[in-house]
Amino acid sequence: MASKIVEVHPGIYEIFLPLPMRPTIINVYLVDCHGAWALIDTGMNSPESIGTLEDTFRQVGIELEDLDVLIATHHHIDHFGASGQIRSRSHATTHIHKLEAARADRMLFFGRMGPADRPESRPFFEKHGFPIEEHSASGMRPAWMGTQMYFPVTEPDRFIDDGDVIEVGDRKFEVIWTPGHAPGHNVIFLRKEKVMIVGDHLLPKITPHVGIYPDAGEAANPLGDFIESQKKVQRFDAELILPAHGGVYHDHRHRANQIIEHHRCREDEMLDLVRGKPQTAFEVAQQVFGGEERPIFHVMAATFETLAHLEHARIEGRARRIERDNRVLFQTL
Ligand SMILES: [Zn+2]
């Protein structure tokens, strides 16, 4: 069996944890701080994932209970889903951005209902053209929602924010706030080692979901934030990039440029579709991402990702928003 733990830099270990969905693996990073141990991200709270953490910790001579510090890149289930269990067993000092702690708390609340049950979200779905009436609330949410698989810490020991330095043993973890994929997403930078732990921000092969959801404010521009966050990380001098999914790599500046270019092309594709005829985000998403034979949860994500692109285009002055019959339509300028 292939090893589930690899030393990618002296004292920095990549651990591969299983996920029951795509992507099928999340990489978390265990750091020997010489006298203390830190873990960046946690995996899900599944027996398989916790078992793999226990086994791999033992391979470096520690127990899960010995962990001293836990730092999250963001609140999503694969990154922070096991934090509640890990903290309760290890008492590790747990760090996350306050926007992410709030979202983890809200995810637990939403776990007890579906988006269609949330009265404030229904008009949002409708105005963006999404046929919410045709779908059951249960189909609108991921299978893990409302289960023990998501067991996050919602009251961390410390909130982290841009520029913070978390000192653990002989290591210094610098926090680089990179909103976009999640509003309180952080990249963790080890300046001396020139190692950057990038969470979902800078994946080598895929791009993370960036969407506008019902609870985003009117001024929300997550795609604009995401692109700015790509430019931001390019200002840091890193040699080894440790992503949450996919292999470790070296040139984060090149990858950031590719990601910016990918979203520019996608936005252009969408603007071509609404050049002559104004359309809703849902209609555009059906053409760009394909409409049929996909779980409705994915159709919803595609709609809100499309909305993030169209709003970004509007804020850039490339598109207008037209309100007609309780629908929001976008048209290229
Ligand atoms: Zn994520």
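The buried residues of helix α7 pack against β11, α6 (222-233), β12, α8 (281-289) and α9 (296-315); this helix is where the tour will return after a view of the whole. Contact here means that the C-beta atoms of two residues, placed from the backbone, lie within 7 Å. Helices (H or I, at least four residues) and strands (E, at least two) are DSSP runs, numbered from the N terminus.

The model is predicted: local features need pLDDT of at least 70, side-chain atom pairs count only at pLDDT 80 or more, and totals for chains, interfaces and linings use all residues. Residues are numbered from 1 along each chain as its sequence is written.

**The whole chain**

Display the entire protein chain, which holds nine helices and 14 strands. Its radius of gyration is 20 Å, close to the 20 Å that the globule rule gives for 333 residues, so the chain is as compact as a globular protein of that length. That radius is taken over C-alpha atoms, and the rule is 2.2 Å times the number of residues to the power 0.38. Along the principal axes, the C-alpha atoms fill a box of roughly 65 × 40 × 35 Å. Of the 333 residues, 43% count as buried. A residue is buried if 20 or more other C-beta atoms lie within 10 Å of its own, exposed if 12 or fewer, and partly exposed in between, with C-beta atoms placed from the backbone.

**The N-terminal strands**

Select residues 5-9 and 12-18, strands β1 and β2, which run antiparallel and are joined by four bridges. Two strands pair if DSSP finds at least two bridges between them. H9 stands opposite I12 in β2. The two strands form a hairpin with two residues between them, and G11 in the turn has a positive phi of about 80°.

Extend the selection to β3, residues 25-32, where six of the eight residues are buried. A hairpin of six connecting residues leads from β2 to β3, and seven bridges pair these strands in the antiparallel sense. Within this pair, L17 faces I26 in β3.

Next add β4 (residues 37-40), antiparallel to β3 over four bridges. D32 stands opposite W37 in β4. Four residues separate β3 from β4 in their hairpin, and H34 in the turn has a positive phi of about 60°.

**Parallel pairs**

Move to β5 (residues 69-71) and β6 (residues 93-96), which run parallel and share three bridges. Here L70 has T94 in β6 as its bridge partner. On β6, also select β7 (residues 158-159), joined to β6 in parallel by two bridges; I96 is matched with F159 in β7.

**The five-stranded sheet**

Now show the open sheet with the order β8-β9-β10-β11-β12 and mixed pairing. Its edge strands, β8 (165-168) and β12 (240-243), each pair on one side only. Within the sheet, β10 (residues 186-190) and β11 (residues 195-199) are antiparallel over three bridges, and L190 has V195 in β11 as its bridge partner.

**Back to helix α7**

Finally, select residues 252-273, the 22 residues of α7, which reach 32 Å from first C-alpha to last, close to the 32 Å expected at 1.5 Å a residue. The expected span is 1.5 Å times one less than the number of residues. Which residues of α7 are buried? They are H252, R255, A256, I259, H263, E267 and M270. Seen down the axis, these buried residues fall within an arc of 115°, so they line one face of the helix; the arc is that of the directions from the helix axis to the C-beta atoms. The face turned away from this buried side carries the exposed residues H254, E261, R264, C265 and D272.
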